[in-house]
Structures are given as C-alpha cells and as structure tokens.
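Here is a colleague's note to read beside the model. Take the points in order and find each residue as you go.

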Amino acid sequence: MIFLRAAQREFTQNAVAVFVALFAILISTVLIRLLGQAAGGRVPADAVLALIGFGAIAQMPVVLSLTVFIAILMSLSRCYRDSEMVVWFSSGLPLTAWVRPVLRFTLPVVVLIACLSLFVAPWAQKKSVEYKEQLNNRDDVSRVAPGLFRESSGGERVFFVEALSGEEGRVRNVFASSMQHGRLGVMVAAQGHVESDAAGNRFVVLEHGRRYEGTPGTPSYRVMEFEKYSIRMESKEASTSERQPKTLALPALIKNPDSRNQGELLARISAPLLATMLALLAIPLSFVNPRAGRTNNLVLAILVYLIYSNTLSVCQAWVGQGRLRFDVGLWAPHLIMLAALGALFYRRLSVFARWRKR
C-alpha cells in the first residue's frame, strides 16, 4: 500500500507538470493562429482573448488524454530506470498488477474528459462561432475605438478618433475618409458624436471641421469648412452561418443522426475511450532497459499515439462521409488497440516467448 500510494502521488505530480506544459503549448498555438487571423482581418482584434478561452476549452479533452498518457509513462519508466520494478517483480507481483492503480488514477480524469467532450467542448465551439458572428455583425460605429484606425465593413470608410471627451458618446479630433464614385473625401473635425433619428438611422455627426474632396492623382481638390457634417452609417444585416456538427449539443446529434452528425458523435464518444486505452498502453510501453537507450520507449509511445489518434480521425471522416458504419467506426479502432495491448502485455509477461529465446 505504501508503494501504491507513492505511485499515485508520483502520477499526480507528473500529471500536473505535463498539463502545465501542454496547456502552455496549446495557448501559444491558439494565440498565434488567432493573431494571424486578426492581422488578416478574418477575426476582430478585440475578440482574440475570448476566442483563446473558447479554443482552449474545446481542445481540453486532447490535452487531458495526453497528460494521463505521458504522466503514467514517465512514472513507470522512472521505476524501470531506478530498478524499482526489480523490487516490484521480486515481491511476486506481475506487470498486470499496475492496471488497478493506473485505472484508479485515470478514471476520474476519464469522467472529466467525457463531460468535456460530450457537453462542454461543443458549448465552447458554439459560443466561439456565435461570438465571431456577433462581432462581425456590428455596425461601423461600434468598431470605432480611440487611437486606432478602423475600416468600415465595406471597406469604403476609415475612421480615427484621438480620444474620448468628458461627455458620454463624444470624441475629440476626428478623422474620416470615404471613397464615393471615384472621388476621395477626407474630413477632419475638432469633435463629434453619434446620434439617431426617429427612424432608427444612425449618424456620425462631425462638428467644427473641414472636408477635402477630389480625385486621387489630380490637383483639383475642393476644401470646405463646416459647422456640422453628418455621415449616415449603413446598418449591417445580421448574418448567421450554417451550424457545424461540432457546435451542436449532444441531444441534437442524437435527434438528427445523419452521416456528419454520426461522425461528430463518434469523435465525442471516442475521447474518453482513447484516454483509457492510452493509460493502459502506457504500462507495457514504459519498459526501459537501464543498459540501453532511455528514449526508445518514448519514440514507440509517440508512434502508438499518432497511429491511434489518426486512425480515429480517419474513422470519423469515413463515418461522416457515409463510407463506414457508425458501430464499426466506433469500436474497430479500440478493439484493435485492445488486441495490441494484450500483445504488449504478453510480450512483457511471457518468459518462454520466441523473442525472449533469441
């Protein structure tokens, strides 16, 4: 019992360290991708932080599965390197005796992965899509921010305000440019504000300014001074994209069992099964010969994980395309890995195996 409690403590410590490292990598990857999309104008810049949170939640089942796999693998590999497994085997305990403590450590995480995969991750995907649509459907007035040049949704206007004034809704030192019928209009004003008429139309009202109007590349420009100049802002119609299966809740997937929804359902159910199988695979894969290289088992473990996860992805794609039955795609990869798990345990447990005689 002392030995098992020490193993549980080591599993937990390694899991915390691995989770922090993987989570930092996840956040960095999502941040780089979103910053690239924001620089290209595909994602609003003020939505990056919220989308990072939604993206991190959506990818959390994968991070937790890898955390469990790597933590168990590291802990048992250290036992081999420090010859603690010799004590374990000398006490008359087989390698399969590690299954119970490993499952005791893994099952709470598997339950968490199941909840995240079935309920929380789809909610995060849905909120991410809705948040992007909400920001993209804002009118041009809502996009204006002090100290930043902001382009309108149609690309016909550019606004810049230096700072907010003391009164609510008023700004100082306003710059606006627009292109209409091939003529460029540039307006600068000391201050401005937004107002709406009885019909609900919104206007940007510039006060005490000057307008320059002309055709680019020609010297003919008109300069006009004004006390008040109103620019009507066109309302942008709200647009919604087609809901993808990854954003649908679990009851919606079950209620509408078409090929795409079945593929998504397969991926969600496979997440906790994947974590359980990886935890069990880490037991035989953790074998390390102290007199040989210490990274051979890590290379094999990474290869097994890549084959396993890619097989699940291929089955999900085939089910989504209608090329594979749902039940076959759901159970075939896990049964194959279960057979591989039995072969790996047999290799470590069998004394009279053919490869040991060599």
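1. A term comes before anything else. Strands, labelled β, are DSSP runs of E of at least two residues, and they are numbered from the N terminus. Helices, labelled α, are DSSP runs of H or I with at least four residues. Keep in mind that this is a predicted model.

2. Use the term at once. Strand β3 covers residues 170-180, and N173 lies in it. Look at the backbone of N173: phi is positive, about 55°, although N173 is not a glycine. Is N173 buried or exposed? Neither label fits, because its relative accessibility of 36% falls between the two limits, so N173 counts as partly exposed.

3. S83 makes a companion case. Its phi is also positive, about 60°, and S83 is not a glycine. The setting is a loop, the one between α3 and α4 (84-90). S83 has a relative accessible area of 37%, which makes it partly exposed.

4. Stay in that loop. D82 also has its place between α3 and α4. D82 is partly exposed, with a relative accessible area of 45%. Now compare sequence with space. D82 and V288 are 206 residues apart in the chain, but their C-alpha atoms are 10.0 Å apart.

5. Two more pairs reward the same check. S75 is found in helix α3. Its relative accessible area is 2%, so S75 is buried, since buried means under 20%. S75 and A7 are separated by 68 residues in sequence and by 7.6 Å from C-alpha to C-alpha. L300 lies in helix α9. At 41% relative accessibility, L300 is partly exposed. From L300 to S286 the step is 14 residues in sequence and 9.6 Å in space, C-alpha to C-alpha.

6. Next, the largest pocket. It holds about 580 Å³ of space. Lining it are 22 residues, and those closest to its centre are V62, A267, R268, A271 and Q316. Which helices each supply at least two lining residues? They are α3 (60-81), α5 (99-136), α8 (259-285) and α9 (296-320). Helix α8 gives the most, with seven residues. Sorted by class, the lining has 11 nonpolar, eight polar and three charged residues.

7. R268 deserves a second look. This residue is among those closest to the pocket centre. R268 also forms a salt bridge with E264, at 3.0 Å from N to O. Both residues sit in helix α8, four residues apart, about one turn of the helix. The geometry is a general one: an α-helix has 3.6 residues a turn, so residues three or four places apart point the same way. R268 and E264 are both buried.

8. How many salt bridges are there in the model? The count is 10. Compare two of them. R211 pairs with E213, their closest N and O atoms being 3.3 Å apart. R211 is buried at 9% relative accessible area. E213 is buried too, at 14%. R325 pairs with D327 at 2.5 Å, N to O. R325 counts as exposed, because its relative accessibility is 57% and the limit for exposed is over 50%. D327 is partly exposed, at 34%. Some bridges share partners: E10, R78, D82 and E84 are joined into one network in this way.

9. Finish with helix α10, residues 326-349. What span should its 24 residues have? At 1.5 Å a residue, the span should be 34 Å; the end C-alpha atoms are 35 Å apart, which agrees. Even so, α10 has a kink of about 30° at A332. The kink comes shortly before the proline P333. P333 is one of the buried residues of α10. The others are G329, L330, H334, M337, L341 and F345.

Terms used: Residues numbered from 1 in each chain as written. Predicted model: local features only at pLDDT ≥ 70, side-chain atom pairs only at ≥ 80, totals over all residues. Heavy atoms only, no water. 1 Å grid on protein atoms, 1.4 Å probe; cavity = no way out; pocket = protein on both sides within 12 Å on 5 of 7 lines; lining within 4 Å. Points joined across faces, edges and corners; volume = space filled by probe spheres on them. Nonpolar A, V, L, I, M, F, W, Y, C, P; charged D, E, K, R; others polar. Salt bridge = Lys/Arg side-chain N within 4 Å of Asp/Glu carboxyl O. Buried < 20%, exposed > 50% of the residue type's maximum accessible area, 1.4 Å probe, protein only. Expected span 1.5 Å × (residues − 1). Bend = angle between axes of the 7 residues up to and from the residue.
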